[in-house]
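Reader: I am new to this structure and would like to go through it piece by piece. Could you show it before we start?

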Amino acid sequence: METGDRAELQRFLKVLPPVDFCCVYGSALHPNNREKSTMVDYILGVSNPEQWHSQNLKMNKKHYASWMAHLGGAKLITEIADEIGVGVHFNPFVTWNDKMFKYGVVRMHDLVQDVLNWERFYLSGRLQKPVQILVDNLDIENVNSANLRAAISAALLLLPPKFTEEDLYAKICSLSYMGDLRMLFAEDRNKVKKIVQGQFDLFQLKYKPFLEEYEAKEFLRLASSGSHQKNISQDCGLSVARSLVNSLPPMVRSQMGMKLGEKKKLTESGRIISEVLIGSREEAAKCMQKVLRRTVMVSSTRQAVSSLLTVGAVTAVRYLSNKMCKAWKSWR
């Protein structure tokens with residue numbers, strides 16, 4: 001992203017209370033993406049959401065649904081996000097400086113937990129795709145390395161012995177959409193393909209260190225294809241499958257262990273960990289897929305209900321109609 005574009009994205013933050021973390025995601029990132037959204041999407045991490053919303057209501061009351069601003073206030077906004085949603089409150093269709101924005105506010109603790117454990121597999125899924133980080137007071141970019149390593153491990157379990165680099169990024173991108181009810185009727189059926197092709201060089205930059213790490217471990221082999229991407233072949237043996245499963249977040253491994261069984265293992269550092277008992281690579285992949293699909297289904301449903309309550313019926317219908325219009329065009 002060019003310096004001028006980054007500065008323009010940062011200017012919007014000046015009208016909001018201070019944040020500990022901010023990233024921009026979606027089609028606004030890539031100049032070559034022809035499917036650019038009219039809305040710029042932000043994730044904002046704050047230490048105390050209720051306090052932050054209280055301050056933001058004084059500064060930007062119009063960003064919120066009128067009933068929320070007048071009757072509920074910061075306490076109710078935060079309670080709905082935490083108890084009904086997945087800990088994120090979104091303000092969509094915010095107009096500033098002749099542009100439209102959507103920003104989601106999340107507690108920093110919840111963001112870190114989702115990135116490390118995939119507890120909700122919501123924002124962690126967002127951060128597996130290219131993002132532009134504008135504020136990072138707590139070094140979330142470094143913490144996110146565990147999320148990216150887990151994403152590539154999960155994708156490899158679901159891929160065949162031979163595939164292309166684009167196939168890999170598409171599989172990574174699709175992880176957080178498995179089980180998402182919106183994909184049935186309110187999302188572009190070609191969404192994953194458009195995300196990967198529109199931001200391919202950003203995916204390459206993001207995952208290059210992990211591809212090199214796994215090539216050094218002989219989990220996979222990279223070969224030039226004569227084009228801008230590489231052909232990849234992977235070791236589909238049981239020992240590599242076990243290593244890939246061990247790279248998944250604790251929450252995923254715990255749920256897989258309840259289904260497949262687990263044993264205690266002493267690591268080189270002297271820690272005792274639980275290792276999932278895997279009979280075959282296919283069994284592990286199928287089990288992991290079920291765990292992720294259920295997690296995404298629950299989270300996407302909860303967040304949809306939360307958004308309907310907090311943004312108001314008119315805004316919700318407007319947002320959904322925009323989504324369904326894109327979906328309809330993709331199905332025609």
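Author: What follows is a set of questions and answers on a predicted model.

Reader: Which residues of helix H4 are buried?

Author: Helix H4 covers residues 108–117. A residue counts as buried when its relative accessible area is under 20%. In H4 that holds for Met108, Leu111, Asp114, Val115 and Asn117.

Reader: What do the buried residues of H4 pack against?

Author: Their partners include both strands and helices. The strands are S1 (21–25), S2 (39–46) and S4 (99–107). The helices are H5 (123–126), H6 (140–158) and H12 (250–260).

Reader: Which residue just after H4 takes a positive phi?

Author: The phi in question is about 55°. The residue just after H4 that takes it is Trp118.

Reader: How many bridges join S2 and S4, and how many join S3 and S4?

Author: S2 and S4 run in the parallel sense, and Val40 has Phe101 in S4 as its bridge partner. Strand S3 (residues 88–96) pairs with S4 in the antiparallel sense, where Trp96 stands opposite Lys99 and Thr95 has Met100 as its bridge partner. The count is 8 bridges for S2 and S4, and 7 bridges for S3 and S4.

Reader: Which residue in the hairpin of S3 and S4 takes a positive phi?

Author: The hairpin has 2 residues between its strands. The positive phi there is near 55°, and the residue that takes it is Asn97.

Reader: Why is S3 described as largely enclosed by the rest of the structure?

Author: The description rests on how many residues of the strand are buried, with under 20% relative accessible area as the cut-off. S3 is largely enclosed because the buried residues number 7 of the 9.

Reader: Which strands stand at the edges of the open sheet of 3 strands?

Author: The order in this sheet is S6-S8-S7, with antiparallel pairing. An edge strand has a single partner strand, so one side of it is left without a neighbour in the sheet. The edge strands are S6 (162–164) and S7 (220–224). Neighbouring strands are turned against each other, direction ignored, by an average of 25°.

Reader: What angle does helix H7 make with S6?

Author: S6 and strand S8 (residues 230–234) pair over 3 bridges in the antiparallel sense, and Thr164 stands opposite Asn231 in S8. Helix H7 (residues 165–175) packs on this sheet and touches S6 and S8. The direction of H7 makes an angle with that of S6 of about 85°.

Reader: Which helix supplies the largest share of the nonpolar patch on the surface?

Author: The patch is formed by Trp67, Leu71, Ile84, Val305 and Leu309, which together have about 440 Å² of accessible area. Helix H3 (66–84) and helix H13 (281–311) each supply at least two of its residues. The largest share is 3 residues, and the helix they come from is H3.

Reader: Is Val305 buried, partly exposed or exposed?

Author: Val305 lies in helix H13. Its relative accessibility is 40%. Partly exposed covers the range between the cut-offs of 20% and 50%, so Val305 counts as partly exposed.

Reader: Which residues does Asn60 touch, not counting those up to four places away in sequence?

Author: Asn60 lies in the loop between helix H2 (49–59) and H3, and with a relative accessible area of 12% Asn60 is buried. Pro17 is 43 residues away from Asn60 in sequence, but their C-alpha atoms are 9.6 Å apart in space. The residues that Asn60 touches are Val15 and Leu16.

How values were computed. Residues numbered from 1 in each chain as written. Predicted model: local features only at pLDDT ≥ 70, side-chain atom pairs only at ≥ 80, totals over all residues. Heavy atoms only, no water. Buried < 20%, exposed > 50% of the residue type's maximum accessible area, 1.4 Å probe, protein only. Helix = DSSP H or I, 4+ residues; strand = E, 2+ residues; numbered from the N terminus. Contact = heavy atoms within 4.5 Å. Patch = residues over 30% accessible without salt bridge, like charges linked within 9 Å, V, L, I, M, F, W, Y side chains within 5 Å. Areas by Shrake-Rupley, 256 points an atom, 1.4 Å probe, with all protein chains shown as cover. Salt bridge = Lys/Arg side-chain N within 4 Å of Asp/Glu carboxyl O. Pairing = 2+ DSSP bridges. Axes fitted to C-alpha atoms, helices over the stretch in contact; angles between N-to-C directions.
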